Amino acid sequence: MASGRDDFIIAIRSAFLKKSNKQQFSLLALIIFSIFLIFLSNLNFVGIKYIKIGVNEATYRLSALVSYPEKKFSESVNFLQDYFNVYKENQILKEKIDQLNNNNLNYKYLENENKRLKEIVGDDVRTSESILSKVLIDKDGKFLKSIILNKGSKDEVKIGMVVLEKNYLVGQVIEVNYTTSRAILISDLNSNIPVVIEPGGFQSILSGTGKDYGIIKYSKDELNLVNNSFVYTSGLGGTFRAGLPIGKINNKIENLGVQFFSDLSQLSYVKIQSIGVIKE
Amino acid sequence: MVQKTSSFKNKFLKYLPLILLYFSVLNEFDIDFSNVGVLSFNLPFIIIFYWSLKDPDQIGNGLIFIAGILNDVTIGYPIGVSSFIYLTIIGFAAYLRNITLRPSIYKDSLVFLVAILFANSVNSLILSFVFSIEINFFEIIVNITFTFLLYFLFARMFNYLKPMGT
């Protein structure tokens, strides 16, 4: 029994402390060093922050380069799929254009009326400048759903800015380096956005599911939402501007599920927007 | 000329595990096809376990540590988490190497399963308790299952490559 225990200890000691001729570091030393790094990361140690920014810059570029062939391949596959569906889509789009042209006239009238009413009641009119950015890496990891953008602090990108694709909300900037930045996607499990659901004006929270759709959570009352109700940012909490379109309710995917307007797995160019407040 | 080509080929095959490891940690998808249905697996785990078990001098511990740092940066984890996870996998492989007299793929794969279960558990614990990152456990279980099943395939491939690179 004692001999078995000794063998176990010898094997463990040999595995963690002994290093062969070609190994520069023992396993135990590296494990201790990595725990030390995790500890410093948790404390948001300033040195680690700068090292991370430096490593991020180099790694993001390298990663984009390594991923280039794979990205091009998947783009080509998508292109072929689109090509074969083009006729059918054309018919649908023609119908939609007619419908949208009609709607556009109504929206213009409502927009002007809204602006005029806001001026009367003295409300804030929010404007924002956009920074067009290319998606370098759309890493779809097991835990985090995020994208790397090719604009950073050099281009005045700041943490908390919103990321839009064709005016639809897709994420928020969570990390900024000198020439790159990382944005968490609205599909991420850690994403929670205050939203308003129209028609009805229900206030709620939209959470990511880690999949390609979101879910309505934490509403004040038991909600019974019909399919195709629109979900917009409510602007509560001040992290997002009010009225950014996100998606529509689709109870088929899950009860109170939200189908995003943007395909988050196909992002190539996005707009990063600050929310400057100008009182008119 | 023939000798030069053969020397280049040998060198390439010698460094192939290292190239594969760095390619998989830097690659956009982490050879992690989680966006193709539910199929997802972790190639770095397989590479690290296999080569630490069969030929630890092929990929140094320091290089695996750096691969972990690069993986953290690429997927947005706090620095040090992946390195720690990779090093625990090396620990399991080194322990198995020390106690094994007659290696067999079944014993190796069983220890590999324990190693990836342990590594993913520690990973989830660090991410959820230390850094308060929410985790989808279903995806992790799927990932562990496919990583375990594909170990047999990759181990066979690496068994074939190993003598060519020496």
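## A walk through chains A and B

Start by selecting Phe49(B): not counting residues up to four places away in sequence, Phe49(B) touches Ile89(B), Ala93(B), Phe112(B) and Ala115(B). Touching, or being in contact, means that the C-beta atoms, placed from the backbone, lie within 7 Å.

Before moving on, note that this is a predicted model, in which local features need pLDDT of at least 70, side-chain atom pairs count only at pLDDT 80 or more, and totals for chains, interfaces and linings use all residues. Residues are numbered from 1 along each chain as its sequence is written, while chains are lettered from A and ligands numbered from 1 in the order in which they are written.

**Stop 1: the cores**

Keep Phe49(B) on screen and add Ile48(B), Ile89(B) and Ile90(B): these four have the most contacts inside the largest nonpolar core, which has 51 residues. A nonpolar core here is a set of buried Ala, Val, Leu, Ile, Met, Phe, Trp, Tyr and Cys residues joined through C-beta atoms within 7 Å. Buried means that 20 or more other C-beta atoms lie within 10 Å of a residue's own; with 12 or fewer a residue is exposed, and in between partly exposed, with C-beta atoms placed from the backbone.

Which elements supply at least two residues each of this core? They are α2 (27-42) of chain A together with α1, α2 (43-54), α3, α4, α5 and α6 of chain B. Color α4(B) brightly, as it gives the most, with 11 residues. Helices (H or I, at least four residues) and strands (E, at least two) are DSSP runs, numbered from the N terminus.

A second, separate core of 35 residues includes Val162(A), Val170(A), Ile186(A) and Leu244(A). In soluble globular proteins, nonpolar side chains tend to be buried together.

**Stop 2: two helices of chain B**

Now show α3(B) and α4(B), whose axes come within 7 Å and cross at roughly 145°. The axes are lines fitted to C-alpha atoms, for helices over the stretch in contact, and angles run from 0 to 180 degrees between N-to-C directions. This crossing is right-handed; a crossing counts as right-handed if the near helix is turned clockwise from the far one by less than a right angle, and left-handed if anticlockwise.

To see the contact itself, pick residues including Ile64(B), Phe65(B) and Gly68(B) on α3(B), with Ile85(B), Tyr86(B) and Ile90(B) among those on α4(B). The contact residues divide into 9 nonpolar, 5 polar and 1 charged. In this scheme Ala, Val, Leu, Ile, Met, Phe, Trp, Tyr, Cys and Pro count as nonpolar, Asp, Glu, Lys and Arg as charged, and the others, Gly among them, as polar.

Next, jump to Ser124(B) in helix α5 (residues 105-130). Ser124(B) is partly exposed because 16 other C-beta atoms lie within 10 Å. Ile135(B) and Ile140(B) touch Ser124(B), not counting residues up to four places away in sequence.

**Stop 3: where the chains meet**

Show both chains: the contact takes 46 residues from chain B and 44 residues from chain A. On the chain B side, α4(B) has the largest share, 10 residues. That side divides into 25 nonpolar, 15 polar and 6 charged residues.

**Stop 4: the barrel of chain A**

Chain A has 4 helices and 14 strands, and buried residues make up 29% of its 280 residues. Trace β7-β8-β9-β12-β11-β10, a closed barrel of 6 strands with antiparallel pairing. Two strands pair if DSSP finds at least two bridges between them.

Zoom in on β7 (residues 192-198) of chain A. Which side chains of β7 are buried? Ile193(A), Val195(A) and Ile197(A) point to one face and are buried, while Asn192(A), Pro194(A), Val196(A) and Glu198(A) point to the other and are not.

Stay on Ile197(A): its bridge partner in β8(A) is Phe202(A), and Val231(A) stands opposite Ile197(A) in β10(A). β7(A) and β8(A) pair over 6 bridges, and 4 bridges join β7(A) to β10(A). In the hairpin of β7(A) and β8(A), which has 3 residues between the strands, Gly200(A) takes a positive phi near 120°.

Finish at Phe240(A), in the loop between β10 (230-233) and β11 (245-249) of chain A. Phe240(A) is buried, with 22 other C-beta atoms within 10 Å. Not counting residues up to four places away in sequence, Phe240(A) touches Val162(A), Ile193(A), Thr233(A) and Gly235(A).

Technical notes. Two residues are in contact if their C-beta atoms, placed from the backbone, lie within 7 Å.
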